[in-house]
Structures are given as C-alpha cells and as structure tokens.
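Visitor: I would like to look at how the labels on a structure are earned, value by value. Could you show me around?

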Amino acid sequence: GAKTRTQAGPAPGGMAKVQKVGREVPVNATVERFEVVDGGSGSDPLSNALDVVKARVSLVKSGQHVDYHIRVMLDGQSWLVTRRFNEFAALSDALKKRLASVPEMPAKSMVRQFAPEYLEARKNGLTAFLRELCRRRDATNCKELQDFLLLRQRVPSLAQLDASEPVQTAEVHESTFGLAAFDYDPVQGLLLLGATDFSWTSRVDTKITNIKMPWEKKAPNLPSSQMSLWQQSPAELKFDMQSMSRFTATLTCVLMANCRDKALCLCGLSDGTIGCHPLKNGERNNSGSNASVLPLVRHTSGVTALAIDETEQWLFSASSDKAIIVFDLKRQMIQCEVQAPAPPSHMHHCQDQRRLFTALKTGVVVVWDTSVLPMQRLATVPDGGATSGNPITAMDYDPSTGTLFTGSKDGIQLWTVKTSDCGGWGRKLGQISDMSSPPTCLAWAQSSREIIAGFANGAVVVFDLDKGEPSYAVQAHADSVTSVRWLDAPRRLLTTSKDKTLKIWDFPSLERAPLDAIAWSGSSISQDFSAGRAPARSSGSYSAPQGADPLTGRPAAGGYATNGGGFGSSPLSRNPDQHPAGAPVSSYTGGYTGSGPLSAGASGLDPHTGAPAPLRASGLSGAPAPTQSRGPVAGRPPSAALAGDDSDDDLAGWAN
C-alpha cells in the first residue's frame with residue numbers, strides 16, 4: 001500500500017517548541033470474521049431467480065452479500081462494527097480527498113464471489129488496510145475514519161473541538177475567478193489577491209468574444225484575470241476591497257513591492273508583461289479600468305514567478321523563455337538579464353543573504369548571488385543537477401538554518417544549502433515520499449517543526465518532520481490549493497484555492513513542557529509575552545496591546561486600539577468549551593502580542609555559539625545518519641539517531 005518509509009537523518013532545528021497539530025488516537029482495528037448474509041426477498045420462483053441475479057451483481061445493494069465484523073479497541077474499550085465492502089470503498093474514496101496518500105485496499109469486483117478462499121483473502125486485505133490507517137496519525141484524526149469505526153459514538157470527546165486542532169478564523173471571497181496567488185503584509189494589513197480563469201473552455205470563449213468584428217467600433221476586451229487589493233479592518237478580522245485591476249491575459253503570480261519611493265501591486269501575466277497598480281493612490285477603485293503594465297519589461301513568453309529585493313528596489317521576473325530580468329523600480333530601467341538552464345517555475349529571494357532561489361521545471365534549483373550585477377550563479381541543488389527530471393511544484397526556504405524545501409512528484413525533499421561569494425553546494429537531507437499527487441505549495445512551520453503542504457484535491461496536510469510522515473490533514477478547500485503562507489509567531493496559516501476563497505487558520509500554540517511545569521496563570525502568560533513567545537492556551541483571555549496588528553499581534557503602522565471582545569481575545573488561548581465546533585469563524589480572532597526577542601534556545605540558535613542550530617531530524621528517508629553526540633533535550637529522552645554527527649565540520653568557512 002501507499003506508505004511513507006522513514007529512516008534516521010538530519011533536519012532543521014532540534015525539538016519542537018510547541019505542540020504538534022492533532023491529537024493521538026491509539027486505536028486498533030482488525031477484521032475478525034466475515035459472514036455471508038442471505039438477502040432473499042420472497043419464496044416464489046420469480047423472486048428467487050431475481051435474488052440469484054442480485055447476489056452476483058455488486059452494484060445492486062440488495063440480495064446476498066458479505067458482512068465484515070471489525071474488532072475495534074481504544075483506551076481499554078472494545079466493540080464490534082459490521083461493514084460491507086462498499087462501505088470500505090466509500091471510506092477509501094473519502095480519505096483520498098483529504099490525505100496525501102491512502103493505503104491500497106482489495107480491488108473491487110463487478111461480480112460478487114462467495115468462495116471461502118476469495119473471502120478470506122479479501123478479509124486479510126481489509127485488515128491490512130485498517131491497520132495501516134490506524135497506524136497513521138493523520139488518518140486517525142479524520143472524522144471519516146472515526147465515524148467508520150464508531151469512535152465518536154463510543155468516545156464523545158472526539159466529536160468536540162480539541163485545542164490541538166487548527167480552526168478556521170476568517171474567509172475572503174473572490175467573486176469572479178479562482179485564486180491563483182496572494183501576498184500579505186501583516187504590518188500594514190494589506191492583502192493582495194490574484195485571480196484568473198482556470199477553465200480552458202471559458203478562456204477560449206473569452207478570446208473568441210474579444211475578437212473585433214468589422215461592424216464593431218472596438219473589441220469587447222473581456223478580462224481573464226484580475227488583481228485586487230484588500231485592507232484589513234483594525235478592529236476585527238475582516239478585509240475590504242480597496243482597488244482592482246483587470247487583464248485580458250491570465251495571471252500566474254502577484255507581489256507587493258513596498259519600496260520607499262513608489263509602492264506597487266504587481267502581477268505576472270501570460271503574455272509576458274507585468275501588470276501594476278499603485279499600492280495606495282488615495283481613492284477606492286473597484287471598476288478595474290485602470291489596469292497598466294510595467295514599461296520596458298516584456299518577456300517573449302508568460303511570466304511564471306516574481307521576487308523583489310526591497311533594499312535595492314529590484315524586481316526579479318522569471319519567464320517560460322528561461323529569462324530572468326532584473327528591473328530597477330526606482331530608476332525604471334532594466335539592470336540585467338540572465339538565462340536559466342531551464343524554464344523557471346518558482347522563485348524565492350532571501351533578503352538577508354542576498355540569494356535568489358530559482359526552481360526549474362527540470363527538478364533543479366539554481367542559487368544566484370543578487371549582491372552584484374549581473375547576477376552570479378553560485379550553486380545548483382542538487383550538485384551536478386542530477387534529478388529525476390520531475391518539475392518542482394512548490395518551494396520554501398528557511399534562512400535561519402539554510403534549509404531548502406522542494407515539492408514534486410517525488411514527494412517533499414529537504415536540502416541544506418551553503419554558499420559563499422565564490423560558489424556553493426546543496427546536500428540532500430531527507431525526503432518524504434509516496435504521495436498520490438505532488439504538493440502544489442509548501443510552508444515551513446519552524447516552531448513545531450512541521451511542513452504544511454497544499455494539494456490539488458483541496459486538502460492541506462501537515463507533515464511531522466521528526467517522524468517523516470503526515471500527522472494531520474484538513475479538507476481546507478473544495479478545489480485545488482494554489483498558495484499557502486505561514487506566520488510563525490501567531491501560528492497562523494493563510495491558504496488560497498481555485499474555489500475563489502482565501503481562508504485563515506489558527507494553529508495550536510501550546511508550549512511543549514511537562515504538564516506539572518505548566519503554570520496556568522496570568523503571570524506565566526505575561527512571561528511568555530516578555531520572552532516574545534505566543535501564550536499557551538488557557539481558559540481565560542487577554543487583551544492585545546494598544547496599536548497591535550489584529551492578525552499578527554505585532555505593532556501596526558499608525559497603531560490602533562483593540563477591545564477585549566474583538567481581537568483582544570486570542571484564539572491562541574481560547575477555551576474549547578467557550579468556542580464549540582459549531583461556533584462561527586468570526587468568533588475566533590486575535591493573535592500573538594509579544595514584542596520581545598526570542599531567547600537563543602527558543603529561536604533555534606546554538607546556546608554556545610549563538611549561530612543557527614544545525615539541521616536535525618529522525619524521520620526522513622534518504623539522508624545520511626548523523627554522528628555527533630548531542631545533549632539530552634528536556635522533557636524528552638535522548639535520541640540514538642543524533643549520536644556522533646560530525647557533518648558540521650564540513651561547513652567550516654561557509655556562510656549561509
């Protein structure tokens with residue numbers, strides 16, 4: 001079946017600082033026996049003949065069939081559940097819409113078979129299917145499996161909202177097209193949405209309609225995409241549209257350029273141009289009639305990715321024609337143009353390191369030095385460019401540890417990247433594989449050491465880096481997830497989808513510590529604030545400081561007051577009894593309010609040197625085993641996988 005096989009290997013940071021997403025459900029399920037049930041409808045010859053036919057056709061629900069008796073055990077309780085094979089198949093189909101991969105189950109048959117040998121083999125296959133699901137934390141947290149095994153009926157607490165589960169807190173609707181990308185500025189409370197027409201039949205119809213006929217004075221010029229700017233309300237988690245620009249070409253990416261001289265909303269278009277609109281022009285415009293493009297920047301093919309150097313005010317645009325153009329937004333001129341080895345699919349610019357990561361459709365990531373012009377190519381990840389050739393569909397980068405995350409058909413891969421002024425290299429740390437489809441977007445949650453991935457089935461899956469396997473999944477959207485953004489301090493996730501919605505989720509923030517060491521008092525919460533950490537969940541609430549941003553809890557530009565009923569009540573310290581599962585999402589508001597710096601141990605820094613902690617994990621496959629001994633972590637026994645790691649000696653003289 002589909003299984004994530006793991007092996008010890010290195011990964012970012014040490015122990016997770018906060019609680020993992022989801023709860024532990026130690027359930028076991030086994031198919032004890034099967035029973036052939038006679039579903040006859042009558043004693044007359046005609047009814048008997050129909051029963052014989054019904055018994056052999058699996059699409060007919062009536063007639064003779066087989067019941068499978070499942071023994072379920074959880075927390076000392078044991079009970080029997082009776083299910084038919086079509087109910088197993090329905091469970092598998094439901095889990096495929098939520099999980100990254102689903103174990104294989106016995107194949108369906110159009111004709112029912114009642115031979116004892118056949119039924120015994122099917123029983124064993126269903127047992128293996130259930131055991132694999134019960135082993136996986138992401139599956140046992142799904143309500144579909146819990147209802148199938150009657151877990152919620154036997155353990156009512158499973159049906160209640162748990163403090164370890166993410167909760168949707170807000171939603172923004174785009175009325176015209178599906179959302180392709182977004183950008184968010186938590187300081188100014190600005191949200192930029194890029195929407196495009198994903199239906200090829202609709203796009204063809206639009207192009208035909210836009211053809212100018214001889215009797216028409218001008219072409220209809222119907223749009224295929226639009227870029228809209230939204231302003232967050234200072235008192236609650238709501239967004240109001242400020243401006244909108246429409247384009248006839250399809251849209252692939254968006255970016256907010258908060259430059260000193262001129263702030264712009266930018267979007268990459270399929271005709272090779274870059275759409276632009278002033279970030280703040282002093283007036284609201286929802287007509288979309290003021291669409292314009294950047295002068296001089298025109299690729300010969302569609303723009304696939306955008307990135308920006310905010311210090312130098314340089315815009316990086318990548319296109320399917322393999323060209324990467326550096327455009328000076330301040331001087332309004334092209335600084336340089338370089339050629340990538342293959343068409344780029346994603347870009348990420350690290351401002352502190354002045355490095356541009358360019359993911360290619362050949363499965364390679366090229367690292368460029370943006371501190372000099374023209375840009376210099378420093379490294380290729382992996383070294384030598386030897387990959388399976390599958391395009392990279394998602395990418396993220398952690399500058400504190402120099403870890404690169406990439407997603408493709410091969411799964412999620414982790415790389416450590418080291419560069420200097422004269423070169424660099426990338427080494428594979430590990431891989432999470434065996435996914436039914438490649439991830440469409442990635443985000444690294446450093447505080448809990450989890451990778452958050454969006455998929456084409458609308459699911460958002462959380463992968464535990466310590467175990468190297470999925471730990472939680474939520475059916476976030478009705479269509480493909482196109483982009484995710486993680487805010488680590490308030491532990492919030494923003495997701496967009498082709499279903500025309502942007503959703504905001506609150507994740508658990510309970511600190512990892514022994515239960516007897518947790519002080520549920522106001523003094524402990526204030527200490528968390530002074531240390532710059534998100535407070536632990538408690539039954540009470542706290543008020544955000546005056547002038548705090550309601551989405552991040554940090555001081556906002558200009559400042560504003562908050563009250564205890566709106567963003568003063570933090571979802572990070574909410575009481576599940578006060579906010580049941582059926583409560584409206586607008587009731588969960590608030591965020592992180594700390595302003596102090598994190599301590600060295602909490603921020604992922606080495607307590608002896610102050611440098612970023614080396615990459616460690618114990619659940620990834622395809623990585624060399626570390627060998628240097630490490631001190632034990634409080635609240636957790638020392639791991640044998642971390643013994644004797646000397647890989648850090650290779651990095652002498654290299655800078656992240």
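**Labels and the values behind them**

Guide: Gladly! Let us begin with glutamine 232, which lies in strand 7 (residues 225–232). Please keep in mind that this is a predicted model.

Visitor: Why is glutamine 232 called buried?

Guide: Its relative accessibility is 5%. Buried means under 20%, so glutamine 232 earns the label.

Visitor: What makes the meeting of glutamine 232 and tyrosine 184 a polar contact?

Guide: Their side chains come to 3.0 Å. The limit for such a pair of N or O atoms is 3.5 Å, and therefore the value passes.

Visitor: Before more details, what does the chain contain overall?

Guide: It has 8 helices and 32 strands. Of its 656 residues, 53% are buried. The chain exposes about 28000 Å², with carbon and sulfur atoms supplying 53% of that area. As for contacts between residues at least 6 apart in sequence, 59% join residues at least 24 apart.

Visitor: Let us turn to rings. How many aromatic pairs are there?

Guide: The whole structure has 5 aromatic pairs. One of them joins tyrosine 68 and phenylalanine 88, at 6.3 Å centre to centre and 85° between the planes.

Visitor: Why is the pair of tyrosine 68 and phenylalanine 88 called edge-to-face?

Guide: Two tests apply. The centres at 6.3 Å fall within the 6.5 Å allowed for a pair. The planes at 85° are over the 60 degrees required for edge-to-face, so the name follows. The pair also links distant parts of the chain: tyrosine 68 belongs to strand 2 (residues 65–74) and phenylalanine 88 to helix 2 (residues 85–96), 20 residues apart. Both residues are buried.

Visitor: And what makes phenylalanine 88 and phenylalanine 148 an edge-to-face pair?

Guide: Here the centres are 5.0 Å apart and the planes stand at 70°. Those values meet the limits of within 6.5 Å and over 60 degrees, so this pair is edge-to-face too. It connects helix 2 with helix 5 (residues 143–148), where phenylalanine 148 sits, across 60 residues. Through such ring pairs, Tyr68, Phe88 and Phe148 are linked into a cluster.

Visitor: How do you know whether phenylalanine 88 is buried or exposed?

Guide: Its relative accessibility is 0%, and buried means under 20%, so phenylalanine 88 counts as buried. Phenylalanine 148, at 6%, is buried by that cut-off as well.

Visitor: Now for charges. How many salt bridges does the structure hold?

Guide: It holds 20 salt bridges. Among them is the one between the side chains of arginine 83 and glutamate 87, at 3.2 Å from N to O.

Visitor: What makes aspartate 147 and arginine 152 a salt bridge?

Guide: The closest N and O atoms are 3.9 Å apart. The cut-off is within 4 Å, so the pair counts. Aspartate 147 has a relative accessible area of 39% and arginine 152 has 26%. Both values lie between 20% and 50%, which is why each residue is called partly exposed.

Visitor: How do you know that arginine 485 and aspartate 183 link distant parts of the chain?

Guide: Their salt bridge has an N to O distance of 3.8 Å. Arginine 485 is in strand 30 (residues 481–487) and aspartate 183 in strand 5 (residues 178–185), 302 residues apart. Arginine 485 is partly exposed at 27%, whereas aspartate 183 is buried at 15%. Elsewhere, Lys20, Arg449, Asp464 and Asp466 form a network of salt bridges.

Visitor: Why is lysine 280 called exposed?

Guide: Its relative accessible area is 58%, and exposed means over 50%, so the label fits. Lysine 280 occupies the loop between strand 11 (274–278) and strand 12 (285–288). Setting aside neighbours within four places in sequence, its contacts are Gln188 and Leu190.

Visitor: Last one: which residues make the nonpolar surface patch of about 260 Å²?

Guide: Val204, Ile208 and Ile211 make it. Isoleucine 208 is in helix 7 (residues 200–209). Its relative accessible area of 53% is over the 50% cut-off, so isoleucine 208 is exposed.

Conventions: Residues are numbered from 1 along each chain as its sequence is written. This is a predicted model: local features need pLDDT of at least 70, side-chain atom pairs count only at pLDDT 80 or more; totals for chains, interfaces and linings use all residues. Side-chain values use heavy atoms; hydrogens and water are left out. Patches are made of residues with over 30% relative accessible area and no salt bridge: like charges are joined within 9 Å, nonpolar side chains (Val, Leu, Ile, Met, Phe, Trp, Tyr) within 5 Å. Accessible areas come from the Shrake-Rupley method with a 1.4 Å probe; for residues, only the protein chains shown count as cover. Helices (H or I, at least four residues) and strands (E, at least two) are DSSP runs, numbered from the N terminus. Buried means under 20% relative accessible area, exposed over 50%, partly exposed in between (1.4 Å probe, protein chains only). A polar contact is a pair of N or O atoms within 3.5 Å; within protein, one must be able to donate a hydrogen and the other to accept it, and residues adjacent in sequence count only if both atoms are side-chain atoms. Contact means heavy atoms within 4.5 Å. Rings of Phe, Tyr and Trp (its six-membered ring) pair if their centres lie within 6.5 Å; planes under 30 degrees apart count as stacked, over 60 as edge-to-face and the rest as tilted.
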